[in-house]
Amino acid sequence: MFETAFTVGLTQFARTLSFPERLQHRTARNGVLEAWRLRNTGLDGFFYDVKTLTPEEIYYVSDAISAEGLILIVPPSGGPMLTVCENIDEYLARGGRNVKVLAVAGLGGSALGAAAFARNVADAVGEPVAAIVSGYGLGDIVSETIGANFLFGWLGSIRGDCEVIDDVVGRPRFGAYDDRRAGDTPVRTCLDVDTVKGLLADDRLSFRLLAGHSRGNLVLSEALYALKDEKPERLKTIAAGARIVTFGARITMPPAFQSVIDVIGDLDWYGEINSRPKIESDIRVPMAGHSTNTDMLGALRVTTLLKSILADTSESGEAHAADPLALPAPSPSDHVVEITAEDALPEPLPPEAIEAIASAEPVAEITTSVSETPPAEALEATPSDKPDSVPAEPIIADAGTAKARPATSRRKNPPSRRKG
């Protein structure tokens, strides 16, 4: 708990040092939002494992703590310092081509929470992770007043409609901001959604794992559905080689993604009211809430849970065990062998067998008369002359074989029931 308090205090202190400079550029906007941003940074300190970040990384991101659309490259603990990228081109230039995992945090939307959640994911997969900062602007104040933060699963579109306020007032041009300004019509989506969509749509990038927490799941969902409308073939390519793991909220994803795992805590009331009720949880963590900060009681331990998920799905083969991010190979039971009408027909007899049957001598006809009466000896037989045992079932000889089978037969292997 002391480490979390120290990290949050250090972040606020570093943020205070850079406030005069930021106030010179957008005085009214930064002056109004600063108190809200400090509050959201504190929320992210409570809900995310911020102690995994080093003091150097905290100072590095403190100046752009709420810059929506900012891209971070976060390596695992003990590795090099995280990298801040202002747009997709800089992300590619700084090594983004080799990053295969994308993580999106929610709640406060600060760079502190985004980096901490990505660090947990990076520790689970053992490689760098790309993170998108959700940010906090004037549009977020309006959507928060309406209640979108508590019902973002149902009122998620409100936040996108309110983004126009920040575009009109002006904000830093991070992420996919230039693409938003290319058209003549106002954009009704959030900048973080556009940035995630821009990364996924880029053919130079290939992601094998998409992870989200809380409102970050909604950002992933909106970006994937937007990609489905604009580039359906690209979405199919991503879905064929990537899986999705969500924490803290169950949000609908495009049907093309067959490997979606939803993780939620039993005590997570906030995640439940923001989840789709028709979607069942794949993993329910006992006595766990919405926080992922391991200093808190009942936290969702993202690193441990994600390691377990990847280990369970990689047990299908040696190739997947070597690459835990790869999708598991389909089991043999998943393959259905189709039998055509030609395959079901018996094979024709060879000519030799046909000639042998034609040249065979006819069998003498045996006729019996049903009107004949049995001899008197048979009628006067005593019970001792009857056979000792009588078969329980009549025996019917199979045509063409010398074996016999009972008249009634039972299926040994009843058809299995598959979950609908």
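This is a guided walk through the structure shown above, from the whole chain down to a few single residues. Keep in mind that the model is predicted.

Let us begin with the overall picture. The protein chain holds 17 helices and 10 strands. It has 420 residues, and 45% of them count as buried. Among the contacts in the chain with a separation of 6 or more, 67% are between residues 24 or more positions apart. On the outside, the chain exposes about 23,500 Å², and carbon and sulfur atoms supply 58% of that area.

Now look for the sheet. Eight strands form an open sheet, and reading across it you meet them in the order β2-β1-β4-β3-β5-β6-β7-β8, with mixed pairing. The edges are taken by β2 (83–85) and β8 (283–285); each has a single partner strand, so one side of each is left without a neighbour in the sheet. On average, neighbouring strands of this sheet are turned by 20 degrees against each other, direction ignored.

Step next to strand β5, at residues 209–213. One of its partners is strand β3 (residues 101–104), and these two pair in the parallel sense over four bridges. Here Ala 103 has Ala 211 in β5 as its bridge partner. β5 also pairs with β6, again in the parallel sense, this time over five bridges. If you want a landmark for that pairing, find Leu 209, which stands opposite Arg 243 in β6.

That brings us to β6 itself. How many of its residues are buried? Strand β6 covers residues 243–247, and five of its five residues are buried. Their side chains are split between two directions: Arg 243, Val 245 and Phe 247 point one way from the strand, while Ile 244 and Thr 246 point the other way. Moving on across the sheet, β6 pairs with strand β7 (residues 260–265) in the parallel sense over four bridges. Within this pairing, Thr 246 has Asp 262 in β7 as its bridge partner.

Helices lie across these strands too. Helix α5 (residues 111–125) lies across β1 (71–74), β3, β4 (129–132), β5 and β6, and runs at about 160 degrees to β4. Helix α10 (residues 215–230) lies across β3, β5 and β6, running at about 135 degrees to β5. Both α5 and α10 therefore give you a way back to β5 and β6 when you turn the model around.

Let us finish with two residues away from the sheet strands. Is Ala 176 buried or exposed? Its relative accessible area is 4%, so Ala 176 is buried, being under the 20% cut-off. You will find Ala 176 in the loop between α7 (152–169) and α8 (177–180). Leaving aside residues up to four places away in sequence, Ala 176 touches Leu 191, Asp 194 and Thr 195. Ala 176 and Leu 199 are 23 residues apart in sequence, and their C-alpha atoms are 9.1 Å apart in space.

Leu 17 offers the opposite case. This residue sits in helix α1 (residues 2–25). Leu 17 counts as exposed because its relative accessibility is 55%, and exposed means over 50%. Together with Phe 13 and Tyr 59, Leu 17 forms a nonpolar patch on the surface, and the three have about 320 Å² of accessible area together.

Key:
Residues are numbered from 1 along each chain as its sequence is written. This is a predicted model: local features need pLDDT of at least 70, side-chain atom pairs count only at pLDDT 80 or more; totals for chains, interfaces and linings use all residues. Side-chain values use heavy atoms; hydrogens and water are left out. Buried means under 20% relative accessible area, exposed over 50%, partly exposed in between (1.4 Å probe, protein chains only). Two strands pair if DSSP finds at least two bridges between them. Axes are lines fitted to C-alpha atoms, for helices over the stretch in contact, and angles run from 0 to 180 degrees between N-to-C directions. Contact means heavy atoms within 4.5 Å. Accessible areas come from the Shrake-Rupley method with a 1.4 Å probe; for residues, only the protein chains shown count as cover. Patches are made of residues with over 30% relative accessible area and no salt bridge: like charges are joined within 9 Å, nonpolar side chains (Val, Leu, Ile, Met, Phe, Trp, Tyr) within 5 Å. A salt bridge is a side-chain nitrogen of Lys or Arg within 4 Å of a carboxyl oxygen of Asp or Glu.
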